[in-house]
Amino acid sequence: MEQYEPLPPPLRAALRRSMSGGRAAMGRRTLLRAAGLGAVGAAGLTACGIPAAGRTGDSVASTDHSDREKTVDFSNWTEYVDVSDDGKHRPTLEAFTRRTGIKVKYTEDINDNVEFFGKIKPQLSAGQDTGRDLMVLTDWLAARMIRLGWVQRLDPAHLPHAFANLEQRFRSPDWDPGRAYSYPWQGIATCIAYNKKSTNGRAVTSISQLLDDPALKGRVAMLSEMRDTIGMTLLDMGHKPETVTDDTYDAALARVQKAVDSQQIRKFTGNDYTDGLSKGDIAACVAWAGDLVQLRVDDPDIEYVFPDAGFLFSTDNMLIPAKARHKTNAERLIDYYYEPQVAAQVSAYIAYVCPVSGVKPYLAKIDPALATNPLILPDAAMDAKSHSFRSLSEDEDTRYEEKFSKLIGA
């Protein structure tokens with residue numbers, strides 16, 4: 001079995017932040033699931049030892065048993081697909097089985113990216129079947145899996161709906177140009193949120209306000225996820241996170257450090273900003289749009305803004321692991337979720353950015369408000385503001401996270 005060195009300390013620290021309060025613990029993963037799904041500790045991260053992203057390779061083809069075995073094993077995050085009102089059925093999955101005869105073994109066994117990687121790494125590194133045909137991973141880990149050659153190249157012939165209906169904004173990330181190995185499950189948008197009561201009715205529309213406005217001093221929160229906080233600051237400064245360099249990164253870091261030193265920033269948080277925002281302890285913050293759908297239902301004083309300077313966008317993605325037994329069945333399931341009517345059912349339930357074009361009329365039939373919600377269906381103006389943090393080398397990732405950890409006191 002091939003052995004890998006553990007992640008450097010700065011990256012382990014960043015992943016611990018992510019699991020306890022960051023993207024690995026966003027709205028659906030904290031507000032909707034039962035409490036007590038523990039994060040992996042430092043020892044677990046060391047044992048997991050995610051390999052460096054620099055190694056490249058193509059996945060080894062596996063024997064496909066789809067013709068003889070009408071099944072597909074699908075691993076996903078908790079509360080990340082539509083469920084019936086009584087909680088006993090998953091309507092879209094059951095409809096897929098009725099149509100195709102393919103039984104879906106659906107497992108909610110992804111609590112965070114790193115913990116899940118620890119489950120499947122031994123088999124993948126040994127060239128063995130993981131027991132899964134389809135899995136959903138956040139973009140940074142999806143990129144590493146592709147570079148390691150641990151996922152299979154998709155067959156376009158099995159993905160006509162996916163190819164035709166994938167929204168333009170998702171089509172060609174730098175870590176998987178042309179979507180040869182992955183298709184998005186959902187999109188994740190970073191924005192600014194504020195409490196109108198706490199700001200006395202004043203709108204907060206820019207990162208500059210968060211970092212400089214004396215009326216907000218001591219009542220601002222930034223995210224403990226490096227890419228979101230630094231990426232949003234880069235955009236405010238006129239730099240693109242797609243082309244971040246050491247110099248622009250350091251400039252954005254210094255910009256945030258100044259706000260820390262002046263006590264403008266109250267704290268750096270995961271998605272626990274939601275509680276402070278509702279209570280008014282936090283007047284304004286950098287936030288994840290997926291958290292705000294439910295938050296705004298509960299508290300109409302919460303507002304959100306996508307700054308004119310731009311906002312960060314990331315994805316959770318469907319991939320087929322190397323040596324999966326049912327590749328064609330998995331591709332049929334991916335393609336099924338790119339049928340607009342099916343995608344609308346999922347979006348209506350989970351309320352993240354839908355990657356499928358043509359869903360608007362189907363959302364409108366379910367609930368007219370869903371069809372006009374930019375947190376689910378970004379409009380053209382939002383698309384023009386959307387940016388992604390470029391893929392970092394292992395060296396860059398380590399250095400950037402080390403600097404950011406010092407900034408936030410982690």
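Over which residues, besides 1-8, does pLDDT stay under 50 while the model has 11 contacts beyond four places in sequence?

## Confidence of the model

The structure is a predicted model. The stretch in question is residues 53-57, where pLDDT stays under 50 and the model has 11 contacts beyond four places in sequence. Residues 1-8 likewise keep a pLDDT under 50, and for them the model has 25 contacts beyond four places in sequence.

For the protein chain as a whole, the average pLDDT is 85. A score of at least 70 is reached by 84% of the residues.

## Cavities

Three cavities of 30 Å³ or more are present in the structure. The second largest cavity contains about 70 Å³ of space. Two elements, β4 (183-195) and α14 (340-350), each give two or more residues to the lining of this cavity.

The lining comprises Pro184, Trp185, Gln186, Met318, Tyr337, Tyr338, Ala343, Val346, Ser347, Cys354, Pro355 and Val356. In terms of residue class, 10 of the lining residues are nonpolar and two are polar, while charged residues are absent.

## Helices α11 and α13

Helix α13 spans residues 327-336, and eight of its 10 residues are buried; the helix is therefore largely enclosed by the rest of the structure. The buried set consists of Lys327, Asn329, Ala330, Glu331, Leu333, Ile334, Asp335 and Tyr336. Charged side chains are included in this set, among them Lys327, Glu331 and Asp335.

Helix α11 covers residues 273-279 and includes Thr274. Thr274 has a relative accessible area of 12%, and it counts as buried because this value is under the 20% cut-off. Beyond its neighbours within four places in sequence, Thr274 is in contact with Asp291 and Leu295.

## Cysteines

The structure contains zero disulfides. Why does Cys191 form no bond with Cys285, the residue that holds its closest cysteine sulfur? The sulfur of Cys191 is 8.1 Å from that of Cys285, which is too far for a bond, because a disulfide requires sulfur atoms within 2.5 Å. Taken from the side of Cys285, the closest cysteine sulfur is that of Cys191, again at 8.1 Å and too far for a bond.

Both cysteines are withdrawn from the surface by the accessibility criterion: Cys191 is buried at 0% relative accessibility, and Cys285 is buried at 0% relative accessibility as well.

Methods: Residues numbered from 1 in each chain as written. Predicted model: local features only at pLDDT ≥ 70, side-chain atom pairs only at ≥ 80, totals over all residues. Heavy atoms only, no water. 1 Å grid on protein atoms, 1.4 Å probe; cavity = no way out; pocket = protein on both sides within 12 Å on 5 of 7 lines; lining within 4 Å. Points joined across faces, edges and corners; volume = space filled by probe spheres on them. Helix = DSSP H or I, 4+ residues; strand = E, 2+ residues; numbered from the N terminus. pLDDT = per-residue confidence, 0-100. Contact = heavy atoms within 4.5 Å. Buried < 20%, exposed > 50% of the residue type's maximum accessible area, 1.4 Å probe, protein only.
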